[in-house]
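Me: I have a structure to go through, starting with charged pairs. Can we settle terms before the details?

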Amino acid sequence: MSLHPSLQSYADAWTHSVEAISELVTPLVEGEWNRATPCPGWSVRDIVSHVIGVDCEMLGDPRPIHSLPRDLYHVKTDAQRYQEVQVDVRRHHTAPEMVSELEYTIIRRSRQLRNETRAPDTIVRGPRAVEETLEYAMRRRAFDIWVHEQDLRAALNRPGNIDSPGAYVTRDMLLAVLPKIVAKDASAPPSSAVVIDVHGPVEFLRTVRVDAEGRGTIDGAPSLGPAVTLSLDWETFFRLACGRITPEGAGDRVKIEGDPDLAAAIVNAMVVTP
């Protein structure tokens, strides 16, 4: 037996991104590890620490026993505090130590994936100590690591892999939450429709329809007379949805047709931070 076919695409996406991250950071000199990234409060070193830490948790390693300092102002929630432990515990590690631990973690995690025989619906203890299915844990892991790969590329001015396997996992993760964002968070009126039109290396058109009871669904059919149409490029879409740029920072890269107040509410509610 081997990895279930429905899990293979997530394993492939993780592998593609984690190997790209390794290639990006291995040649860095010490000072480059301290560069700020688009991920609020995190440097290059912090993101690599997070990558290592999450994969160690996927491997079942015990979490570090570590007390966070009080002056980490970007840490505001319990979930952020949980994540920050794996990051802060490595803040004084040298570049060679970081590269060595990353490579060792990749080897261990790759071996685990090669030998994975559990069914996709097996309940596992995923990142953030949440119990979830193995399939969801792997999907979210592929999403998370691709977004952090893009964070590192932005910090190091090394663009690339904008349409790699992880990009398509990210697209599907972001589209899955759009019905809730439009119908509940942005309070789109009953019996209305909102069209999201994304162009670029990863392109798609989706319509979120809100029924008479206020429930949202999503499909690929265009809508006649939608309440709002949002048109934007792929990079702006995922950076906006992942909290890497603000609605104001997106500026005129988001074209709006229809109700401006509803459009603003949707854009402000879009953040799905990995």
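Reply: Buried here means under 20% relative accessible area, exposed means over 50%, and partly exposed lies in between. Note that this is a predicted model.

Me: Fine. How many salt bridges does a search of the whole structure find?

Reply: The search gives 22 salt bridges. One of them joins Asp 55 and Arg 109, with the closest N and O atoms 3.2 Å apart. That pair links distant parts of the chain: Asp 55 belongs to helix H2 (residues 44-58) and Arg 109 to helix H4 (residues 95-114), 54 residues apart.

Me: Is Asp 55 buried or exposed?

Reply: Asp 55 has 1% relative accessibility, so it counts as buried. Arg 109 counts as buried too, at 5%.

Me: What does Glu 101 in H4 pair with?

Reply: Glu 101 meets Arg 90 in a salt bridge, at 2.9 Å from N to O. Arg 90 sits in the loop between helix H3 (78-88) and H4, while Glu 101 is in H4 itself, eleven residues apart, and the pair is another link between distant parts of the chain.

Me: And how covered are those two? Buried or exposed?

Reply: Arg 90 is buried at 6% relative accessibility. Glu 101 comes out at 23%, so it counts as partly exposed.

Me: Which residue does Asp 172 bridge to?

Reply: Asp 172 bridges to Arg 171, again with 2.9 Å between N and O. Asp 172 is partly exposed, with a relative accessible area of 41%, whereas Arg 171 is buried at 18%. Elsewhere, salt bridges that share partners tie Asp 46, Glu 84, Asp 88 and Arg 91 into one network.

Me: Stay on Arg 171. Where is it, and what does it touch?

Reply: Arg 171 lies in helix H6 (residues 165-176). Leaving out residues up to four places away in sequence, Arg 171 touches Val 202, Phe 204 and Trp 234.

Me: How far is Glu 132 from Arg 171?

Reply: Their C-alpha atoms are 20 Å apart in space, and Glu 132 and Arg 171 are 39 residues apart in sequence.

Me: Changing topic to H5. How many residues does it have, and how far does it reach?

Reply: Helix H5 covers residues 134-156, which is 23 residues. From its first C-alpha to its last, H5 reaches 33 Å, close to the 33 Å expected at 1.5 Å a residue.

Me: How many of the residues in H5 are buried?

Reply: H5 is mostly covered, with 19 of its 23 residues buried.

Me: What happens just after H5?

Reply: Asn 157 follows there and takes a positive phi of about 55°.

Me: Last topic, cysteines. How many disulfides does a search of the whole structure find?

Reply: It finds zero disulfides. Cys 39 is in none, and the nearest cysteine sulfur, in Cys 242, is 9.8 Å away. Cys 39 is buried, with a relative accessible area of 7%.

Me: Why is there no bond for Cys 56?

Reply: The closest cysteine sulfur to that of Cys 56 is in Cys 39, and because the distance is 18 Å, it is too far for a bond. A disulfide needs the two sulfur atoms within 2.5 Å. As for cover, Cys 56 counts as buried at 9% relative accessibility.

Notes:
Residues are numbered from 1 along each chain as its sequence is written. This is a predicted model: local features need pLDDT of at least 70, side-chain atom pairs count only at pLDDT 80 or more; totals for chains, interfaces and linings use all residues. Side-chain values use heavy atoms; hydrogens and water are left out. A salt bridge is a side-chain nitrogen of Lys or Arg within 4 Å of a carboxyl oxygen of Asp or Glu. Helices (H or I, at least four residues) and strands (E, at least two) are DSSP runs, numbered from the N terminus. Buried means under 20% relative accessible area, exposed over 50%, partly exposed in between (1.4 Å probe, protein chains only). The expected span of a helix is 1.5 Å times one less than its number of residues. Contact means heavy atoms within 4.5 Å.
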